[in-house]
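This briefing is arranged by topic for a reader in computational chemistry. Please consult the display below alongside the text.

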Amino acid sequence: YYRGDKIGFSVGQTTATEAGYEIREDGRLQMTLLGSTASVRMTSRVLVDRRFSLERFSFALDPGTGPTEVEGRLDGRRLHLTVRTPSGERSETRELAEPPALALNLPRTLAAAGLQPGQTLQISLFDPATLRNTPMTLEVQAREVVRSAGHPVPAFRVEGRLAGLTTRSWITDVGEVVREESPMGLIVVRETPEQA
């Protein structure tokens, strides 16, 4: 939602694999820029180990002009990237100061480590859309009851500070995000398929 209007939806799924888990998310957004409406499609896939630490990922963003696809494979702190756009393909390898997390696997990683009010964590968050690894501070706050898909759900409120902006997420004990608020007015809430 953006300022009370629904602008899209996403569908997520976590599946067990032999070595860990596969986390998928497919989303659609209707964005209005300069008076013109564009339909944006996003697809993310992350392979993680049993502790939900990142191993591989793929990300695709298509604003209607052709997809940009990013694939990554983590080898320790070495990140191998392949970027495909309508104009071509390029590959590169980056040495990172520490292994990164993606927004898609971060809540599960936090829950696997155990969420406790008062925790403050420093992590590196990699954004496949910008190809940047950015330090993020997370503060686990009180456990609250929030409405999710029409039901009350206990979840920890987690504040994340990234590049001067603060987001709030409500994360359950198993790492499901039931609500998320950004400082720019975007709100993501879990709803039933019928509501979405």
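Among contacts in the protein between residues at least 6 apart in sequence, what percentage join residues at least 24 apart? The value is 33%, joining residues at least 24 apart, where contact means heavy atoms within 4.5 Å. The model is predicted: local features need pLDDT of at least 70, side-chain atom pairs count only at pLDDT 80 or more, and totals for chains, interfaces and linings use all residues. Residues are numbered from 1 along each chain as its sequence is written, and side-chain values use heavy atoms, with hydrogens and water left out.

**Fold and dimensions**
- The protein contains one helix and 13 strands; helices (H or I, at least four residues) and strands (E, at least two) are DSSP runs, numbered from the N terminus.
- In sequence order the pattern reads β-β-β-β-β-β-β-α-β-β-β-β-β-β.
- The radius of gyration is 17 Å, which agrees with the value near 16 Å for a compact globule of 196 residues; this radius is taken over C-alpha atoms, and the globule rule is 2.2 Å times the number of residues to the power 0.38.
- The C-alpha trace spans about 45 × 45 × 35 Å along the principal axes.

**Surface and charge**
- Of the 196 residues, 31% are buried, a class defined by under 20% relative accessible area (1.4 Å probe, protein chains only).
- The exposed area is about 11600 Å², of which carbon and sulfur atoms supply 51%; areas come from the Shrake-Rupley method with a 1.4 Å probe.
- There are 24 positive and 25 negative side chains, with the centres of the two sets 1 Å apart. Lys and Arg count as positive and Asp and Glu as negative, without His and the chain ends; each charge is placed at NZ of Lys, CZ of Arg, CG of Asp or CD of Glu.

**Nonpolar cores**
- The largest nonpolar core has 16 residues, and Val 46, Phe 57, Leu 79, Leu 81 and Phe 126 have the most contacts inside it. Such a core is a set of buried Ala, Val, Leu, Ile, Met, Phe, Trp, Tyr and Cys residues joined through side-chain atoms within 4.5 Å.
- Strands E3 (36-49), E4 (54-62), E5 (68-75) and E6 (78-85) each give two or more residues to this core, and E6 provides the largest share, three residues.
- Beyond four places in sequence, the contacts of Phe 57 include Val 70, Leu 102 and Pro 128.
- A second, separate core of twelve residues includes Leu 106, Met 136, Phe 156 and Ile 171.

**Ser 148**
- Ser 148 lies in strand E9 (residues 132-148) and counts as buried at 5% relative accessibility.
- Not counting residues up to four places away in sequence, Ser 148 touches Val 153, Val 178 and Arg 190.

Note on methods:
Buried means under 20% relative accessible area, exposed over 50%, partly exposed in between (1.4 Å probe, protein chains only).
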